[in-house]
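Colleague: I have a model open and would like to learn how to read its strands and salt bridges. Could you walk me through it?

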Amino acid sequence: MTKKTIYSIVAVLIIIGVYGYEHFLTEKQTAEVVKEGKSVKNNTNEYFLPTSTTGEIVHHEGYSLSYSEPHEQAEWVAYELKKSHLTNTNFKRPYFEIDDAVKTGAAHWKNYKKSGYDRGHLCPAGDRKYSQFAHDETFLTSNISPQEHDFNAGVWNTLEQKVRYWASKYDGVFVVTGGVLSGNMKTIGDEKVSVPNQFYKVLIDNNTGKTKMIAFLLPHKNSNQSLYKFVVSVDEIEKLTGIDFFAELDDTVENSLEASSSYKDWSFN
C-alpha cells in the first residue's frame, strides 16, 4: 500500500470521525431539549404557576406547561418575560420536535400537515431569543396549538408584540397562555388534536411596586379591533378553563385583581 493511499484512508477516517462527533453532539442536544422537564428552571417563576387540571406539569428551561392528553396540547404554557430577554437576535428556525418530557406522549407535528392550520406557538419563539437553546425549545410540539393563519399572523401576533412592549416598559411580566379546551371543537390529524375556539393570555406584573393583572380572551379568528376590546377578568377565564391562576397570592389581593376587567394600569400606547 502506497503512502498516498494510506494518507487518503486516514483523511477519510478523520472526516467520518468529525461528522460522527458533530452528529453525536446534535443528537445529544436534541435529547437534552426534549427530555428535561422534572424541575423548575432559571427563567420560570414557580410562584406564579397556575394549577393543573390534568396533573401533568412539565418544566423546560424557558417555560413550564400543563399538558392535556385528551386534547394533545398544553392547557397552559407559563413563563417569565424579562426585559433582558428581549433581543433582535435572529436564529435559524429549527424543525419541530416531539416533547419526550410529556409522559403521556406529546402530539406529533405531522398532525398539522395539510390540516389548514398553523403550528401556533404558545410561548413565542420571539420571546426566547436570548439564547439558541431557549429559542429552539419553543419548537417542541407541547408548545403549539392549531391556529388559523390569519389569526396567528394577525391579532394574536399583535398581542404577542404588545406583551413584549409591556415586558420592556414594566421591566418584566409573567405570562400564562393557551387555548380554551372545552366545548365543541374540531380536531386535526390521526391523534385528533383539538382546535380551540378561543385563546387566552393572562399577565401579572409585580415588578413596579404595585401588583397588577390583565387578561385577554380572543375568538379564534382574525380581528382588526383594538386589543383592549378583548380584555376580560381572570375570573372569566378561570370559569371557562377550570384553571386557578395565581393561587399563591394573598387571597384579598387575588380576589380583587382577578375579578377586575380594568386595563387602566396597562399602557396601550
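Colleague: Let me begin with strand β3: how many of its nine residues are buried?

Modeller: First, the ground rules. This is a predicted model, in which local features need pLDDT of at least 70 and side-chain atom pairs count only at pLDDT 80 or more, while totals for chains, interfaces and linings use all residues. Residues are numbered from 1 along each chain as its sequence is written, and side-chain values use heavy atoms, leaving out hydrogens and water. Buried means under 20% relative accessible area, exposed over 50%, and partly exposed in between (1.4 Å probe, protein chains only). Strands are DSSP runs of E with at least two residues, helices are runs of H or I with at least four, and both are numbered from the N terminus. In strand β3, residues 73–81, nine of nine residues are buried.

Colleague: Which strands pair with β3?

Modeller: Two strands pair if DSSP finds at least two bridges between them. Strand β2 (residues 64–68) is antiparallel to β3, with five bridges; Leu 65 has Val 77 as its bridge partner. Strand β6 (residues 173–179) also runs antiparallel to β3, again over five bridges, and there Ala 78 is partnered by Val 176.

Colleague: What lies between β2 and β3?

Modeller: Four residues, in a hairpin; Glu 72 in the turn has a positive phi of about 55°.

Colleague: Is Ser 66 in β2 buried or exposed?

Modeller: Ser 66 counts as buried because its relative accessibility is 0%. Its side chain makes a polar contact with the side chain of Ser 52 at 2.7 Å. A polar contact is a pair of N or O atoms within 3.5 Å; within protein, one must be able to donate a hydrogen and the other to accept it, and residues adjacent in sequence count only if both atoms are side-chain atoms.

Colleague: And how many salt bridges are there in the whole structure?

Modeller: A salt bridge is a side-chain nitrogen of Lys or Arg within 4 Å of a carboxyl oxygen of Asp or Glu. The search finds four. One of them joins Asp 205 to Lys 212, with the closest N and O atoms 2.5 Å apart, and both residues are buried.

Colleague: Which residues are linked in a network of salt bridges?

Modeller: Lys 210, Lys 264 and Asp 265. The closest N and O atoms are 3.3 Å apart for Lys 210 and Asp 265, and 3.6 Å apart for Lys 264 and Asp 265. Lys 264 is exposed, at 65% relative accessible area, whereas Asp 265 is partly exposed, at 30%.
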